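Thank you all for making time this morning. I would like to walk you through a structure that is new to most of us, beginning with a pocket and then turning to some aromatic residues.

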Amino acid sequence: MLRVSGVVRVPGDKSISHRALLITAIAGGEARVRGILPSADVHATARVLRALGIPVPSLSDDLVLRSDGLTALRTPSEPLDCGNSGTTTRLMAGVVAGRAGVTATFAGDASLSRRPMQRIARPLTQMGATFAFERGDGLPMQVTGAALQGIDWRSEHASAQVKSAILLAAVSSGVEAKVHEPTRSRDHTERMLSACGATVEVLPDGARVRAGATLRAVDVQVPADPSSAAFFVALAALAHGGELVLPDVCLNPTRTGGFDILQRMGVSLRVDDERVVGGETIGTLVVSPASLVATQVRGDEVARAIDELPLVACVAARAHGETRITEASELRVKESDRIAAVVANLRAIGVDAEELPDGLVVRGSDRPLAGRVITHGDHRLAMAFGVLGAVPGNAITIDDPDCVDVSFPGFWETLARATGAAPSVATEPVASSPGASGRRLVVAIDGPAASGKSSTAQWVAKRLGIRHVDSGAFYRALTALGLRSGVEPEAWTAEHLLAAAGRVTLGLTERSVVPLVDGERHEEELRGAAVTAQVSRVAALPSVRAWVNERVREAGASTEVVVDGRDIGTAVFPDAPLKIFMVADQWERARRRLVQRLGRKPTDGEIAVETEELVARDARDATQSRPDPAAITIDTTSLTQEEQVERIVALAEAVRAR
Ligand code: S3P
């Protein structure tokens, strides 16, 4: 039985946070911004503004931003790293497009680089800016600003990012713009520009900004993000008892489609204390459990609920009947192809779901849901499935739980608190106790590359209620310290890196053993692009590997653990009470790698090429992948991941019973 309780304060609205920085920066003057969302996406906007010459202070709950306005914008010396953030890219590209003399190249992570940018390049080019793409569409994209002409643009997409790029380009050049959309998208840009002194009109099908306004920055109070609140509305709805209270949630009508849909599905949701703060309606949501029914989503509602549709699909898995979402092909160009990814993941956990060209169908049931969710780094997928996973009886693992930092840092802790579970992250350091204690359960999992050991190990740890050691994070911690030292990565040596290793200690979270750097997790830094780009260089150094192995050994001496990796059963834990060696035939391993990488079913041709690569890699690795004689070999070729997990859990339970 799941009981929810308490007051859940979800962080600031992502869309408004981006705009608070960006519009204050171009308006000029001084503004106080309270309640900004300090997430990876908003950090990207701050970073990009700084690179363009605006002195944005570090993000805090109460910050003051001073700017000389548009005239302060400069051509940056490096490409602008927009991380995972489409809003940063498209809105900032609009601003740059309107500044004659400024040229900037926009770059981002793999997911962002796949997203379409011609949708902004077309209107902004018509206005007079110049766009250059290295590939037909997507990042990297170079934008050269100009003194633009006005525009009257009919957009094919109901997209606030496209609309905002055009309106901001017009403001940036002091000209007029009209944008028409097929259905109305969120209007935070219009509201904030108008608060700063621009003349903005709401058109029946879009917005118009008049030429030549003089802007001045205004203070912003960022309300709680309705798209983040929606996860807890869904959690309360799926619970069996209790009530959740969500204060100060933004109730802008262009954002409340998700709540309307959930209410139609039976969710009991009340709004208290509704009021207008800083031009946005906010209120306190009170939500309690409900029995859920299927629904249909299409038309205008799609844009009003665009970010909540993955969650609606997950809730539909528990609703009576068939839910259909259509006219939603925009979902295919979000942080992932959210139609394909949601359906594949729903199926992977046992839900009857189907893809449509422009949406999806989900048939609800009460059956327990179990399996592994592949997020493709998409924060909203991680959280939507995380909510389903919080329902007792379901056993759902998420491949990349940390990707929630894009919009909701601290999501897992908030989820654990709302369900009354232990907080999932404790950062107190673990005293390192030298010498292994023979009685502790250590499950050592080894096997060749792409045998699936890492994801299986995480799931086994969860089932056994013990911790997984994230050995990769220790390489990342040393990499971060290397970067902080200012020495060029090409010049790093093991001695240089290990000189700082004393600053890395062990920390416990509910689910894993993690490195702490100077006593803190620094998750954003450790998972960031800069560390990712250099970590393999660090992991290739033998004495660094020896150091990480030593930390992993310490972890197993402090707490019961499941550890996976090379040499784990032979060199690192030769005395582990349970050693597993996972194998699978090369074709199957190649297929799994591709599914993970591509997020779809690979063709036989693709698998053949990948198999060849694996065979070569195995030949190079032969010395490292030999099983320890005491290891139990599990051939996973024809086992589902659930079956692999079951088998290892059964063996571990037998060891425990001895
Ligand atoms: C956003 C607009 C939406 C939304 C995104 C944030 C914004 O994207 O999905 O999370 O802040 O303008 P589109 O405008 O591309 O639909």
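**The second largest pocket and an aromatic cluster**

In this model, which is predicted, the second largest pocket has a lining of 35 residues, and those lying nearest its centre are Ala158, Ser159, Ile306, Glu330 and Lys334. The space in this pocket comes to about 560 Å³. If we sort the lining residues by character, 15 are charged, twelve are polar and eight are nonpolar. Domain 1 (14-221) and domain 2 (226-419) each contribute at least three residues to that lining, and among the helices that each supply at least two are helix H1 (14-27), helix H6 (160-173) and helix H13 (379-389).

Let me now move to the aromatic residues. Across the whole structure, a search finds six aromatic pairs. One of them joins Phe231 and Phe411, whose ring centres are 5.9 Å apart and whose planes lie at 75°, so this pair counts as edge-to-face. Phe231 belongs to helix H8 (residues 226-238) and Phe411 to helix H14 (residues 411-418), so that the pair links distant parts of the chain, 180 residues apart. Phe231 is buried, with a relative accessible area of 2%, and Phe411 is buried too, at 0%.

Phe411 also pairs with Trp412, again edge-to-face, because the planes of their rings stand at 80° with the centres 4.9 Å apart. Ring pairs connect Phe231, Phe232, Phe408, Phe411 and Trp412 into a cluster.

What sits over the ring of Trp412? It is the charged end of Arg511, 5.7 Å from the ring's centre.

Key. Residues are numbered from 1 along each chain as its sequence is written. This is a predicted model: local features need pLDDT of at least 70, side-chain atom pairs count only at pLDDT 80 or more; totals for chains, interfaces and linings use all residues. Side-chain values use heavy atoms; hydrogens and water are left out. On a 1 Å grid over the protein atoms alone, a cavity is a set of points where a 1.4 Å probe fits but cannot get out, and a pocket is an open set with protein on both sides within 12 Å along at least five of seven lines; lining residues have an atom within 4 Å of a point. Grid points are joined across faces, edges and corners, and a volume is the space filled by probe spheres set on the points. Helices (H or I, at least four residues) and strands (E, at least two) are DSSP runs, numbered from the N terminus. Ala, Val, Leu, Ile, Met, Phe, Trp, Tyr, Cys and Pro count as nonpolar, Asp, Glu, Lys and Arg as charged, and the others, Gly among them, as polar. Domain bounds come from an automatic or database domain assignment. Rings of Phe, Tyr and Trp (its six-membered ring) pair if their centres lie within 6.5 Å; planes under 30 degrees apart count as stacked, over 60 as edge-to-face and the rest as tilted. Buried means under 20% relative accessible area, exposed over 50%, partly exposed in between (1.4 Å probe, protein chains only). A charge sits over a ring if NZ of Lys or CZ of Arg is within 6 Å of the ring centre and within 35 degrees of the ring normal.
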